[in-house]
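Here are my notes on the model you sent round. I've kept them as numbered points so you can follow along with the structure open.

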Amino acid sequence: MAKVTFAHAGDTLIAYLAGEIDHHSAQLLREQIDGQIAGSMPARLVMDFGGVDFMDSSGVGLILGRAKQMQAIEGSLAVQKAPPAVTKMLRLARIETT
């Protein structure tokens, strides 16, 4: 099961993801992240995948959906600290990581 914790740094919202991101956990993560976006209206969302052990295509959908959310409020999205297996999947989906 995946979990997310949040930190704020100025106008940046950081979502620290951990665990396994699959179809079931992605929905809960979506709701939690969207709630934080709606509550703080950040200029930048950073999704930190440093604690993620496994991710399927639902994780790609999670990222793309949050990118659309941030575009809607004229913000930006960054993906960081993805482990090698996740980075490989993100490259296939043409999602840049830092």
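1. Let's start in the middle. This is a predicted model, and its largest nonpolar core holds 24 residues, among which Leu17, Ile21, Phe49 and Leu90 touch the most other members. If you want to get your bearings, pick out those four side chains.

2. Where does this core come from? At least two residues each are supplied by β2 (12-21), α1 (23-40), β3 (44-55), α2 (57-72) and α3 (84-92). The largest share belongs to β3, which puts in five residues.

3. Now for the whole chain. You'll find three helices and four strands, and reading from the N terminus the order is β-β-α-β-α-β-α. The radius of gyration comes out at 12 Å, close to the 13 Å that the globule rule gives for 98 residues, so the protein is as compact as a globular protein of that length. The C-alpha trace spans about 30 × 25 × 20 Å along the principal axes.

4. A few overall figures. Buried residues make up 38% of the 98. Taking contacts between residues at least 6 apart in sequence, 68% join residues at least 24 apart. The protein exposes about 5500 Å², with carbon and sulfur atoms supplying 52% of that area. As for charge, there are 9 positive and 10 negative side chains, and the centres of the two sets sit 6 Å apart.

5. Back to Phe49, one of the four core residues named above. What does Phe49 touch, not counting residues up to four places away in sequence? The list is Leu17, Ile21, Met55, Ile63, Val79, Gln80, Lys81, Ala82, Pro83 and Val86. Leu17 and Ile21, both on that list, are also among the four core members with the most partners.

6. Leu29 is worth a click too. Leu29 sits in helix α1 and has a relative accessible area of 0%, so it counts as buried. Leaving aside neighbours within four places in sequence, Leu29 is in contact with Ala2, Lys3, Val4, Leu17, Ile21 and Leu62. Leu92, on the other hand, is 63 residues from Leu29 in sequence and 22 Å from it in space, C-alpha to C-alpha.

7. Ser25 is also in helix α1. Is Ser25 buried or exposed? Its relative accessibility is 1%, and since anything under 20% is called buried, Ser25 counts as buried. Beyond residues up to four places away in sequence, Ser25 touches Met1, Ala2 and Glu20.

8. Two backbone spots to check. Most residues other than glycine have a negative phi. Glu74, in the loop between α2 and β4 (76-80), has a positive phi near 60°. Glu74 is exposed, with a relative accessible area of 76%.

9. The other spot is Lys81, which isn't a glycine either but has a positive phi of about 55°. Lys81 is found in the loop between β4 and α3. With 54% relative accessibility, Lys81 counts as exposed, and yet Lys81 also appears among the contacts of Phe49. That makes Lys81 a handy place to finish the tour.

Key. Residues are numbered from 1 along each chain as its sequence is written. This is a predicted model: local features need pLDDT of at least 70, side-chain atom pairs count only at pLDDT 80 or more; totals for chains, interfaces and linings use all residues. Side-chain values use heavy atoms; hydrogens and water are left out. The radius of gyration is taken over C-alpha atoms; the globule rule is 2.2 Å times the number of residues to the power 0.38. Buried means under 20% relative accessible area, exposed over 50%, partly exposed in between (1.4 Å probe, protein chains only). Contact means heavy atoms within 4.5 Å. Accessible areas come from the Shrake-Rupley method with a 1.4 Å probe; for residues, only the protein chains shown count as cover. Lys and Arg count as positive and Asp and Glu as negative; His and the chain ends are not counted. The place of a charge is taken as NZ of Lys, CZ of Arg, CG of Asp or CD of Glu. A nonpolar core is a set of buried Ala, Val, Leu, Ile, Met, Phe, Trp, Tyr and Cys residues joined through side-chain atoms within 4.5 Å.
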